[in-house]
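Hi,

Here's the structure I promised to pass along. Have a look at it first, and my notes on what turned up are underneath.

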Amino acid sequence: MRSVLDRMPATSSSSMLHSESRNHDSLIVELLRRDRGERLLYLPARAVFGRTVAVAEAQAWSALVRVCAQLDVSAVRMGGAVQNATQMVLGLMAEDAYRDMLDGDAPETTRAAAARRLVKLWDSRPNGAPDPAAEALVAVWTSRRLTPPAFGTLIGSSELMGLSMGLDEHWFNFAEQRFPDQDVGEALAEFLFGLSHEEIAKAQTFVMEHGPVGPQGLSEFMGSKRDFPEAASPDPRDLYRFYEARRRAAKVRALTSTPGPKATLEELYLRWTIEHLNI
């Protein structure tokens, strides 16, 4: 699959179909159209096939991580497999986030930058460097996986402290500028606690009435069925599952104008990097 993808023309290359030409600029114009639905049949074949290759790689690295975990391989020895699996998953997340920006309420300059990043991401597969903005999320996700939520008063101070250990300056600049904003704060709470906005509201009422709770107490209150799956597991695929659940809930809120985050923390961070960083 990698070999086939490597032989396919770059999505940004120039081509001609009778009198219709296509190049990097015309592809950007096409991506910025809002009347293409999911765009599946309007995307370059390399982009669609490249995502399939990325999925296959994510599955392969995740399988290796799971086997290593079952055999009690040390974290140091399996670190490369975990990193590769996480990078594959984050590449898929970044692709989803940039496509969501194309259909969202971002300024045209931001939408155009998201389209350019998409094209660059597609052309980087299978052997190129990962998306530089999504790379910063590798550390965020690694920290999130190693720091399961403690809940307590549901303020998130301990979770945020654990999340922030070892992160780069871009993340701290984003935190300083955007964490006070309601939309980012709500998306951050879902990311930290692994609960939906609606579940957090119920849990906060419970905490106000009964005091701080730990994971066991919250499980007894919430029951076995949760809106989101927990991401702090040995399987890197659960990172994407957790992201996908929050993304789906955000889309529903945006369509129905109901309270809560209308985008995931990952999308908000990547959008911030577009608007504030030259990467």
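How do the residues of the lining of the largest pocket divide into nonpolar, polar and charged? Keep in mind that this is a predicted model. The split is seven nonpolar, two polar and ten charged.

That pocket has a volume of about 570 Å³. It has 19 lining residues, and the closest to its centre are Gly 104, Asp 105, Ala 254, Lys 262 and Glu 267. Three helices each put at least two residues into the lining: helix 4 (79-103), helix 12 (237-256) and helix 13 (265-276). Helix 12 gives the most, with five.

Then there's the enclosed space. The structure holds one cavity of 30 Å³ or more, and the largest cavity has about 30 Å³ of space in it. Its lining is made up of Leu 137, Val 140, Trp 141, Trp 171, Phe 191, Leu 265 and Glu 266. By class, that comes to six nonpolar residues, no polar ones and one charged. Helix 6 (132-146) and helix 13 each supply at least two of the lining residues, with the largest share, three residues, coming from helix 6. Helix 13 also supplies at least two residues to the lining of the largest pocket.

One last bit, on Ser 124. This residue lies in helix 5 (residues 108-124), and a polar atom of its side chain is 2.7 Å from the backbone oxygen of Leu 121. Ser 124 and Asp 105 are 19 residues apart along the chain, with 27 Å between their C-alpha atoms.

Cheers

Key: Residues numbered from 1 in each chain as written. Predicted model: local features only at pLDDT ≥ 70, side-chain atom pairs only at ≥ 80, totals over all residues. Heavy atoms only, no water. 1 Å grid on protein atoms, 1.4 Å probe; cavity = no way out; pocket = protein on both sides within 12 Å on 5 of 7 lines; lining within 4 Å. Points joined across faces, edges and corners; volume = space filled by probe spheres on them. Helix = DSSP H or I, 4+ residues; strand = E, 2+ residues; numbered from the N terminus. Nonpolar A, V, L, I, M, F, W, Y, C, P; charged D, E, K, R; others polar. Polar contact = N/O pair within 3.5 Å; in protein donor to acceptor, adjacent residues only side chain to side chain.
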